[in-house]
Amino acid sequence: SATLNEAKSQGAQLAVLPEIVVLPWSPATPEPRDEDAEAADGPRHSMLSQVAAETGIGLLGGLIERTNTGRRFNTCVLFDSEGTPIHRYRKIHIPDEPGFHECDHYDAGDDPPSPVHAFGWSMGVQICSDMNRPAGAQLLAARGCECILGPRSTEEATYWKWRPVFIANALTCCTYMLSVNRPGPEQDVLIGGPSIAVAPTGEVLLETTDPIGLVTLDRDVLEQARQGYPGYLAVPSSLYARGWATIPPRAAHESRD
């Protein structure tokens with residue numbers, strides 16, 4: 001909470017934390033632990049709520065949520081500055097590879113991303129791999145989202161793959177993109193690399209490995225981007241829906257063979 005207090009003293013209204021910040025990087029191995037998961041209002045959820053209330057700052061934090069039926073999800077919860085949960089999002093795209101055995105730890109979310117009005121903006125959440133499937137960002141933007149928050153856990157060596165995606169998503173969706181990474185290696189997984197913030201113009205506003213990075217959103221910049229190219233282009237949702245309907249769905253954990 002000391003870091004959050006410092007961020008607030010510098011003027012921050014909302015803090016975005018890395019992916020499943022309240023846990024070690026448990027997907028480093030394929031063996032899930034029962035104690036890593038909790039009910040929607042469990043102790044780690046309560047801890048995040050309490051920290052937000054005590055520091056008086058909005059907070060986006062993640063945990064592994066267990067439902068009443070026993071399913072597990074990588075879930076982000078957005079808290080206001082009083083610690084009240086105002087939005088939840090479950091990760092949709094679940095990796096399955098060395099160091100990221102996530103399919104063994106939680107299921108894929110089955111609700112499409114939706115924005116929430118908070119802190120004076122329309123905000124959406126995507127978690128790590130979700131940002132590498134631009135359809136989610138495009139859907140959020142088409143639903144009025146102005147800023148997409150993206151907690152993640154990625155390796156420093158692969159950052160060159162992620163950086164252009166953040167820029168392209170911000171530029172083509174005309175939204176702010178803010179992504180915060182876990183800071184360093186864990187259990188022989190070489191996690192690390194910058195957190196990043198990109199404006200709707202495609203300009204990189206922040207790229208840092210520091211514990212605190214501050215970004216100010218500018219509505220004038222957003223509006224100018226949306227009035228210019230490609231922001232003003234129509235979204236023919238019914239046409240896209242017809243096209244997507246012809247593609248057989250593949251479940252997140254379905255074999256790729």
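This is a short tour of a predicted model, giving residues to select and what is found at each.

**Stop 1: Trp25 and the loop after β1**

Select Trp25, which sits in the loop between β1 and β2. With a relative accessibility of 0%, Trp25 is buried, because the cut-off for that class is under 20%. Now show the residues around Trp25. Setting aside residues up to four places away in sequence, Trp25 touches Glu19, Ile20, Gly99, Phe100, Glu102, Tyr106, Ser153, Arg182, Glu186, Gln187, Val189 and Ile191. Add Trp162 to the selection and draw a distance between the two C-alpha atoms: Trp25 and Trp162 are 137 residues apart along the chain, and their C-alpha atoms are separated by 19 Å.

Keep Ile20 on screen, since it is among the contacts of Trp25. Ile20 is also found in the loop between β1 and β2, and its relative accessible area of 0% makes it buried. Check the backbone here: phi of Ile20 is near 30°, a positive value in a residue that is not glycine.

**Stop 2: Glu102, Lys91 and Glu19**

Another contact of Trp25 is Glu102. Select Glu102 together with Lys91; the two form a salt bridge, and the closest N and O atoms are 2.6 Å apart. Both residues lie in the loop between β5 and β6, so the pair ties together parts that are 11 residues apart in sequence. Are Glu102 and Lys91 buried or exposed? Both are buried. Add Glu19 to the selection, and a network appears: salt bridges with shared partners join Glu19, Lys91 and Glu102.

**Stop 3: two further salt bridges**

The whole structure holds 13 salt bridges. Two more of them can be picked out here.

Select Arg88 and Glu65, whose closest N and O atoms are 3.9 Å apart in a salt bridge. This pair links distant parts of the chain, with Arg88 in strand β5 (residues 85–90) and Glu65 in strand β3 (residues 58–66), 23 residues apart. Colouring by accessibility separates the two partners: Arg88 is partly exposed at 33% relative accessible area, whereas Glu65 is buried at 5%.

Next, select Arg71 and Asp110, whose side chains meet in a salt bridge of 3.4 Å, N to O. Arg71 is in the loop between β3 and β4 and Asp110 in the loop between β5 and β6; the pair links distant parts of the chain, 39 residues apart. Arg71 has 34% relative accessibility and counts as partly exposed. Asp110, at 49%, is partly exposed because the exposed class begins over 50%.

**Stop 4: Ala137 in helix α3**

Go to Ala137, in helix α3 (residues 135–142). Ala137 is buried, and its relative accessible area is 0%. Which residues is Ala137 in contact with, leaving aside its neighbours within four places in sequence? They are Gln126, Ile148, Asn169 and Cys173. For a distance check, select Met177 as well: the C-alpha atoms of Ala137 and Met177 are separated by 9.4 Å, while the two residues are 40 residues apart along the chain.

**Stop 5: two backbone details**

Select Cys174, in the loop between α4 (159–173) and β9 (176–181). Its phi is near 55°, a positive value in a residue other than glycine. Cys174 is buried, with 4% relative accessible area.

Then move to Tyr229 and Pro230, which are joined by a cis peptide bond with omega at about 5°. Pro230 is in the loop between α5 (219–227) and α6.

**Stop 6: two surface patches**

Switch to a surface view and select Val235, Leu239, Tyr240, Trp244 and Ile247. These residues make a nonpolar surface patch of about 560 Å². One member, Leu239, is in helix α6 (residues 237–245), and at 46% relative accessibility Leu239 counts as partly exposed.

Finish with Glu31, Asp96, Glu97 and Asp104, which form a negative surface patch. Within that patch, Glu31 is in the loop between β1 (14–16) and β2 (37–38). Glu31 has a relative accessible area of 51% and counts as exposed, because the cut-off for that class is over 50%. Trp25, from the first stop, lies in the loop between β1 and β2 too, but Trp25 is buried.

How values were computed. Residues numbered from 1 in each chain as written. Predicted model: local features only at pLDDT ≥ 70, side-chain atom pairs only at ≥ 80, totals over all residues. Heavy atoms only, no water. Patch = residues over 30% accessible without salt bridge, like charges linked within 9 Å, V, L, I, M, F, W, Y side chains within 5 Å. Areas by Shrake-Rupley, 256 points an atom, 1.4 Å probe, with all protein chains shown as cover. Salt bridge = Lys/Arg side-chain N within 4 Å of Asp/Glu carboxyl O. Lys, Arg positive; Asp, Glu negative; His and termini not counted. Charge placed at Lys NZ, Arg CZ, Asp CG, Glu CD. Helix = DSSP H or I, 4+ residues; strand = E, 2+ residues; numbered from the N terminus. Buried < 20%, exposed > 50% of the residue type's maximum accessible area, 1.4 Å probe, protein only. Contact = heavy atoms within 4.5 Å.
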